[in-house]
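Me: I would like to go through this structure with you. May I start with some packing and then move to the pockets?

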Amino acid sequence: MLKNKTYQHSEEIQEQRVQHIKRICTEEYKIQPLPFNGTDKRFSSHLRARLRTTFVNDDYKLLVTVVYKTGSQGWKKLLKQLYERGRNVSQKTLGSEDGLYTLSQVKKQYGLNAVVNRLKNYFSIIFVRHPYTRMLSAYKEKLVKMPNKFYEKKSRDIIRQVRRIPLPNNQTPDLKFDEFVQFVANGGWDEHWCPILNKKPCHVYYDFIGHLETFQDDVAYLFHLIGIGNIVEFPECHHSTGSGDLAVLKEHFSQISQTLLTKLNTRYKNDFKIFDYRLPQNNTDFH
């Protein structure tokens, strides 16, 4: 137990979150964590998405799983700062001059046993977010603002798929939120809005589960816990879309029919359950 009472509440919240996931995984999903065996091929097959998006810092023995639209750029900047202050040169052997390398790269360079060793002995961190504020944020940043040609094309492709007619090349994409939700509910995939459950939190448990809604308190406690509070500060990121505002969320979801929301809930219900968010039962049921 911590002697510092400053973080007592945060410690209790973390314990609740970690135990909640373990209970849901084992009692409801009947999934047991993988044994830490370097020859178990399930670490490659079951954890593919997690290995690809989990960044490693060998100096501080950290594993940070990046979830897009949940402060991902800030975490990458933080890992770069820790790398600059560290002394471990193994990162450079992976061809990473900035200290950003993933478990997938560790596997490619050193083999599966090196991955399993880190999963077993390093401190695993993930930050999550209400599934629908995350989805709304992705829609507004990637498909409304369209920051690059890739997402302009993606917006066009979704319009063609949903409306069943192509958009003229000289017309700027005008994808509506209900059209986007229809696309997602039917399985439309992108790293920025796909369910976080694909990180397989049941197969290898996380040591720390932060929520974007309690970000400041969670980060302060995390930095204290891993001993970096006097070394770095979490980098500022200025990409807010206002999607976390309850009024903005309700405004957009008011456009969604009950039938479509029910279908969307089917896709995301496990994210809501395992990360302990309340699943909305209608398009105004947001608190």
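Me: Which elements do the buried residues of helix 6 pack against?
Reply: This is a predicted model. In it, the buried residues of helix 6 pack against two strands' worth of named segments, strand 1 (54–57) and strand 2 (62–65), and against helix 2 (42–45), helix 3 (48–53) and helix 5 (103–110).

Me: And which residues of helix 6 are the buried ones?
Reply: Helix 6 covers residues 112–121, and its buried residues are L112, A114, V115, V116, R118 and L119.

Me: Stepping back, how many helices and strands does the chain have?
Reply: The secondary structure of the chain comes to twelve helices and four strands.

Me: Why is the chain described as being as compact as a globular protein of its length?
Reply: The globule rule gives 19 Å for 287 residues, and the radius of gyration of the chain is 20 Å, which is close to that value, so the chain is as compact as a globular protein of that length. Along its principal axes, the C-alpha trace spans about 55 × 40 × 40 Å.

Me: What share of the residues counts as buried?
Reply: Of the 287 residues, 51% count as buried. The chain exposes about 14,700 Å², and 49% of that is supplied by carbon and sulfur atoms.

Me: What about contacts between residues far apart in sequence: what percentage join residues at least 24 apart?
Reply: The figure is 72%, taken among contacts between residues at least 6 apart in sequence.

Me: Now the pockets. What is the volume of the largest pocket, and which residues lie nearest its centre?
Reply: The volume of the largest pocket is about 970 Å³. Its lining comprises 37 residues, and K69, T70, G71, R129 and L212 are those nearest the centre.

Me: Which helices each supply at least two residues of that lining?
Reply: Helix 4 (72–85), helix 7 (131–144), helix 10 (215–226) and helix 11 (246–253) each do so.

Me: How does the lining of the largest pocket divide by residue type?
Reply: There are 17 polar, twelve nonpolar and eight charged residues in the lining of the largest pocket.

Me: And the second largest pocket: what is its volume, and which residues line it?
Reply: The second largest pocket has a volume of about 150 Å³. Its lining is made up of E11, Q14, E15, V18, F123, D207, F208, Y221 and L225. Helix 1 (8–28) and helix 10 are the elements that give two or more residues to this lining.

Me: Which element gives the most there, and what types of residue are present?
Reply: Helix 1 gives the most, with four residues. By type, the lining of the second largest pocket has five nonpolar, one polar and three charged residues.

Me: Staying with helix 1, is H20 buried or exposed, and why?
Reply: H20, which has its place in helix 1, counts as buried because its relative accessibility is 15%, and the cut-off is under 20%. Leaving aside residues up to four places away in sequence, H20 touches K273, I274 and D276.

Me: How far is H20 from R50?
Reply: The two are 30 residues apart in sequence, and their C-alpha atoms are 20 Å apart in space.

Me: One last residue, R156: where is it, and what does it touch?
Reply: R156 is found in helix 8, residues 149–163. At 16% relative accessibility, R156 counts as buried. Not counting residues up to four places away in sequence, R156 touches L167, P168, N169, Q171 and P173.

Methods:
Residues are numbered from 1 along each chain as its sequence is written. This is a predicted model: local features need pLDDT of at least 70, side-chain atom pairs count only at pLDDT 80 or more; totals for chains, interfaces and linings use all residues. Side-chain values use heavy atoms; hydrogens and water are left out. On a 1 Å grid over the protein atoms alone, a cavity is a set of points where a 1.4 Å probe fits but cannot get out, and a pocket is an open set with protein on both sides within 12 Å along at least five of seven lines; lining residues have an atom within 4 Å of a point. Grid points are joined across faces, edges and corners, and a volume is the space filled by probe spheres set on the points. Ala, Val, Leu, Ile, Met, Phe, Trp, Tyr, Cys and Pro count as nonpolar, Asp, Glu, Lys and Arg as charged, and the others, Gly among them, as polar. Buried means under 20% relative accessible area, exposed over 50%, partly exposed in between (1.4 Å probe, protein chains only). Contact means heavy atoms within 4.5 Å. The radius of gyration is taken over C-alpha atoms; the globule rule is 2.2 Å times the number of residues to the power 0.38. Accessible areas come from the Shrake-Rupley method with a 1.4 Å probe; for residues, only the protein chains shown count as cover.
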